[in-house]
Amino acid sequence: LVLAPIELGRMKGTAHLNGVIDVPPTGIASVSMPLGGYVQDINLIPGNFVKKGAVLATVKDPAFIQLQENYLASKAKLTYLQQDLDRQKLLLNQEAVSKKSYQQIQADYNAINIQLRALSEQLKLINIQPESLTPENMTSLVRLTAPISGYITKVNINRGKYVTPSDVLLEIMDPNDIHAAITIYEKDIANFKVGMKGTVTLTQDPSKSYTVSILAVSQNINEDKTGLLHCHFENTPKNVLPGMFLTADIVVETNEAVLIPAEAVQRFQGKDYIFIQTATNVFEAIEIQVRQSNESFVTVTNADVNAWIGKQIVVKNAYSLLGKLMNKSE
């Protein structure tokens, strides 16, 4: 057996981290029907790609006809009141009518004008352009259109279903806003900088890896003493959804840490062990939780790691001790 002391030092290595696929609020759009109605037609399923402005579904309700009727009636009345107001103003200048009579017509005109503007905004909410509305093209069907380009992630409606303004009918995700949200420990935050690169592997498809770079390092610490790395994909994975789990390897240079020679680490039943000498020819197997590693060293997250500094560790032929540990386990 060959022994060496455990020492403090710095290392450039790979941080093995976990995270999820995330999309910022600006990258997700929820589609609702502002005035409610019955779903007439929909031909979408989750995973479909849609462009901004594309028709997602049609919704039908008699209230849409009433709204258009009210708008056109108010528009016609406003035209009449505008003409009457012009006549009253002319007569007022000739002192042929009272000022009170003119003010009443003006008040009526203002009230209808306000009503017309309100009805106009309600029509725009259901994608009916008021300036092009005529009695001949009134309709009980309105179209739901995509507010952004992206993939459909949720469809909560079907033909014939009545929907209300509070219902989220569909959700669209912009794939260009997808990033990796990677969990880091509070004590490691200083090791990570914007621009650092690494690779990410999706848990659902570990055979593929994707290059990422750090966009932002979270300065907000959660109750469990963790923060987040927000990482940009150089090539965005396809068919991914927010919340999918991933693993990440980020290349970093650590602050001063306890370094353990990589060749001293032995793997047994899915766990990593080192052998520390406690007396002459007496060794203790200690399970370690690897934080970072490179070809020469590893660092660990064990709480009592500082107490190991200066102790002798088996760095060669540790497999012979591992064999004894395996036999003892059996």
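In this short talk I will go through a sheet, some aromatic pairs, some salt bridges and one buried threonine in the structure above. Please keep in mind throughout that this is a predicted model.

Let me begin with the sheet, in which 4 strands are arranged in the order E4-E11-E9-E6, with antiparallel pairing, and which is open. Strand E4, residues 28-31, and strand E6 stand at the edges with a single partner strand each, so one side of each has no neighbour in the sheet. If we look at how the strands are joined, E6, which covers residues 49-50, is connected to E9, residues 150-155, by 2 bridges, and these two strands run antiparallel. Phenylalanine 49 has tyrosine 151 as its bridge partner in E9, while valine 50 has glycine 150 as its bridge partner in that strand. E9 is also joined to E11, residues 170-173, by 4 bridges, again in an antiparallel arrangement, and here valine 155 is partnered with leucine 170. As a general point for those of you who are new to sheets, side chains in a regular strand alternate between the two faces of the sheet.

I turn next to the aromatic rings, for which the count comes to 4 pairs. How are the rings of tyrosine 38 and tyrosine 162 placed relative to each other? Their centres are 4.8 Å apart and their planes stand at 65°, and because an angle over 60 degrees counts as edge-to-face, this pair is edge-to-face. The two residues come from distant parts of the chain, since tyrosine 38 belongs to strand E5, residues 37-42, and tyrosine 162 to strand E10, residues 162-163, with their positions 124 residues apart. Tyrosine 38 is partly exposed at 45% relative accessibility, and tyrosine 162 is partly exposed as well, at 40%.

Another of the pairs is formed by phenylalanine 268 and tyrosine 273, whose ring centres are 6.4 Å apart and whose planes are at 50°, so this pair is tilted. Here phenylalanine 268 is buried, at 12% relative accessibility, and tyrosine 273 is buried too, at 14%.

Now to the charged side chains, where the structure holds 7 salt bridges, and I will describe a few of them. Lysine 124 and glutamate 121 meet with a nitrogen-to-oxygen distance of 3.6 Å, and because they are 3 residues apart in helix H2, residues 99-125, about one helical turn separates them. In the salt bridge between lysine 316 and glutamate 263, the closest N and O atoms are 3.4 Å apart. Lysine 316 sits in strand E23, residues 312-316, whereas glutamate 263 sits in the loop between strands E17 and E18, so the pair ties together parts of the chain that are 53 residues apart in sequence.

Is each partner buried or exposed in the salt bridge of arginine 267 and aspartate 272? Their side chains meet at 2.7 Å, N to O; arginine 267 is exposed, at 52% relative accessibility, whereas aspartate 272 is buried, at 16%.

I will finish with threonine 299, which lies in strand E22, residues 297-300. Threonine 299 is buried, with a relative accessible area of 1%, and, leaving aside residues up to four places away in sequence, its contacts include Met11, Ala257, Val258, Leu259 and Gln292.

Note on methods:
Residues are numbered from 1 along each chain as its sequence is written. This is a predicted model: local features need pLDDT of at least 70, side-chain atom pairs count only at pLDDT 80 or more; totals for chains, interfaces and linings use all residues. Side-chain values use heavy atoms; hydrogens and water are left out. Rings of Phe, Tyr and Trp (its six-membered ring) pair if their centres lie within 6.5 Å; planes under 30 degrees apart count as stacked, over 60 as edge-to-face and the rest as tilted. Buried means under 20% relative accessible area, exposed over 50%, partly exposed in between (1.4 Å probe, protein chains only). Two strands pair if DSSP finds at least two bridges between them. Contact means heavy atoms within 4.5 Å. A salt bridge is a side-chain nitrogen of Lys or Arg within 4 Å of a carboxyl oxygen of Asp or Glu.
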